[in-house]
Amino acid sequence: MKVSTIRAMLGLLAVVCTMLGGSAATAQDSGSARNALEQAAEAMGGLDRLEALDTLVLTGFGQRVYYQGGGFLTGDPKAPPKWQAVVDAQRTFDLKGERAVYQERWAQEFPFAGFFGLNFARNATLQGGAALLDHPLPALLEALDAETRLGGVSTESGAIVVEFTPAGASSPAWLGIDPRTHLPVFSRWISGSVNLGDLTTTAWFTGYTPVQGVQLPLGLMQQLDWREQISLMFQVDSYRLDVAAEQLPAFPRALVVSVAPAAAQATKVADGVWDVRVGTAGGPVIEFADRLVMFEAYGGEAQTLARIDAANALVPGKQVQAVIVSHHHFDHTGGLRAAVSRGLEVISQRGNEGIIREMVTRPAAYYPDALARSPHPLVFTPVDDTLVLEDATRRLEIYRVVEHAHMPDAVFAYLPKERIMMEGDFGDEAWQLHFWGGALAANIAHYGIAPLTDVAVHGSGPLSIEQTLANDQKQIDAAKEWCRTTEAGGRYVFGCPVQYDTTGPVALEPR
Ligand SMILES: [Zn+2]
């Protein structure tokens with residue numbers, strides 16, 4: 001990537017250097033790879049033309065899968081997917097600077113708890129590195145970059161596949177080329193996922209059309225190597241080349257990611273029960289005679305390991321040995337691989353066993369995580385309707401969630417003596433809208449339990465049941481108002497009309 005920076009600064013002179021570098025690579029063992037890439041460049045409009053381009057701007061619309069496919073109704077591979085609508089999208093590639101700014105408006109195509117996920121807010125993201133490999137033009141230019149290491153050439157379903165590793169990259173990438181047209185048909189790269197380990201994405205290019213002498217695809221579709229999940233369906237509705245500077249968007253500053261370690265806070269809730277939380281997510285840790293049990297492996301590796309470490313310091317001689325996973329959604333299982341790396345038994349509703357097993361058995365060779373560094377087999381204990389963990393000191397009841405439209409394969413847990421309920425996604429004091437607000441009361445009634453306190457995974461920590469229900473009702477009222485105003489504005493949105501208040505399903509209005 002260094003060369004490209006120089007190229008951007010020195011212009012033509014550096015282009016000559018790049019070409020010399022390319023010839024050197026040809027002299028080595030990557031001749032056939034380079035040859036295939038140069039044929040692709042010729043087919044797309046000629047290498048000189050492509051390398052002379054400054055900017056490429058595309059606009060369009062599409063749908064993106066929610067949570068890589070880990071946010072569906074259940075973890076079943078046949079569960080209905082959840083999608084995000086992407087509209088008013090514009091992607092501006094600074095080709096010589098090897099960066100892009102991606103702007104879009106998006107909204108969830110399902111009921112969601114925050115306005116930011118429903119109101120088609122405008123976003124802008126600065127992209128670089130592997131994020132530019134999902135379009136054939138920057139991918140091909142990167143493959144032909146003098147600093148890129150070319151690998152072998154293979155075939156796949158009739159396509160010529162060239163392996164390449166950009167300078168500084170931790171994993172190889174691939175470009176698939178049509179042997180007749182020589183146009184790129186796909187690109188492929190690997191990234192690290194907290195839920196899925198090494199995750200390979202293939203971007204498919206279809207509907208090539210000539211734009212000012214350059215062949216560019218109107219159809220962009222992405223697919224994961226997990227469950228062959230389609231992750232993006234995008235249709236380009238315009239391309240522009242070398243756009244005048246005054247028409248270009250500002251490039252946002254690169255985000256400086258804070259590297260502060262996740263700090264877990266342990267708060268005593270009752271004797272032998274603590275709420276162990278990182279920021280606004282966490283859950284209880286419960287002491288038994290010879291071990292500790294934790295609720296939820298939320299957020300990610302650092303967050304979950306911080307909670308386990310904090311819990312292990314609570315009672316001398318007792319360690320966390322099991323984690324109860326409320327449901328499979330990828331935020332709630334972000335620390336699952338980390339938990340298994342510590343040998344924790346995983347307890348969840350039986351319907352989640354398949355997806356949990358998939359998450360835990362995927363390799364993380366290119367982007368090693370805690371589980372790759374400390375492999376452990378999955379020990380899974382299923383909950384059908386009820387599972388009781390009990391010894392002489394403690395009784396913890398784990399129940400299958402009922403009447404919850406967000407997550408039918410979910411569990412919550414209850415300490416009958418301490419009258420403490422713990423749950424994920426029944427609610428959150430910070431939610432703005434609530435579309436399944438009847439679930440808390442429904443589960444309390446269904447199991448005949450009498451909690452005084454609720455500890456939600458999302459939130460500040462323990463709250464009284466009254467306070468939790470009051471928060472829910474306020475959010476239900478806000479959701480009803482959201483439905484009213486969007487309908488009045490001529491837009492009918494997912495989840496409307498609201499079907500529940502805190503006491504159960506609302507009365508139907510004949511229609
Ligand atoms: Zn959640």
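Domain bounds here come from an automatic or database domain assignment.

**View 1. The whole chain and its two domains.** Welcome to a predicted model, in which local features need pLDDT of at least 70 and side-chain atom pairs count only at pLDDT 80 or more, while totals for chains, interfaces and linings use all residues. Residues are numbered from 1 along each chain as its sequence is written. The assignment splits the protein chain into domain 1 (2-244) and domain 2 (265-505), with C-alpha centres 37 Å apart. Eleven helices and 26 strands make up the secondary structure; helices (H or I, at least four residues) and strands (E, at least two) are DSSP runs, numbered from the N terminus. The radius of gyration, taken over C-alpha atoms, is 26 Å, close to the 24 Å that the globule rule gives for 511 residues, so the protein chain is as compact as a globular protein of that length. That rule is 2.2 Å times the number of residues to the power 0.38. Along the principal axes, the C-alpha atoms fill a box of roughly 75 × 60 × 40 Å.

**View 2. Where domain 1 meets domain 2.** Here 25 residues of domain 1 are in contact with 31 residues of domain 2, contact meaning that C-beta atoms, placed from the backbone, lie within 7 Å. On the domain 1 side, strand E8 (184-193) and strand E9 (197-211) are the elements that give two or more residues. By class, this side has ten nonpolar, twelve polar and three charged residues. Ala, Val, Leu, Ile, Met, Phe, Trp, Tyr, Cys and Pro count as nonpolar, Asp, Glu, Lys and Arg as charged, and the others, Gly among them, as polar.

**View 3. The eleven-stranded sheet and its helices.** This open sheet follows the order E4-E3-E2-E1-E11-E10-E9-E8-E7-E6-E5 with antiparallel pairing; two strands pair if DSSP finds at least two bridges between them. Its edges are strand E4 (121-128) and strand E5 (149-156), each paired on one side only. Direction ignored, neighbouring strands are turned by 20° against each other on average. Six bridges link E5 to strand E6 (residues 159-165) in the antiparallel sense, and Val153 has Val162 in E6 as its bridge partner. Helix H3 (residues 31-44) packs on the sheet, touching E5 and E6 among others, and its direction makes about 75° with that of E5. Helix H5 (residues 136-143) also packs on the sheet, at about 80° to E8. Axes are lines fitted to C-alpha atoms, for helices over the stretch in contact, and angles run from 0 to 180 degrees between N-to-C directions.

**View 4. The six-stranded sheet and helix H11.** Now look at the open sheet ordered E19-E20-E21-E22-E23-E24, where the pairing is mixed. Strand E19 (386-390) and strand E24 (462-464) form the edges, and the twist averages 25° from one strand to the next. Three bridges join the antiparallel strands E21 (residues 411-415) and E22 (residues 420-423), with Tyr414 opposite Met421 in E22. Helix H11 (residues 465-488) lies across strand E23 (453-456) and E24, running at about 85° to E24.

**View 5. Two backbone details in loops.** The peptide bond from Cys496 to Pro497 is cis, with omega near -5°; Pro497 is found in the loop between H11 and strand E25 (500-501). Gln68, in the loop between E1 and E2, has a positive phi near 60° despite being a residue other than glycine.

Methods: Two residues are in contact if their C-beta atoms, placed from the backbone, lie within 7 Å.
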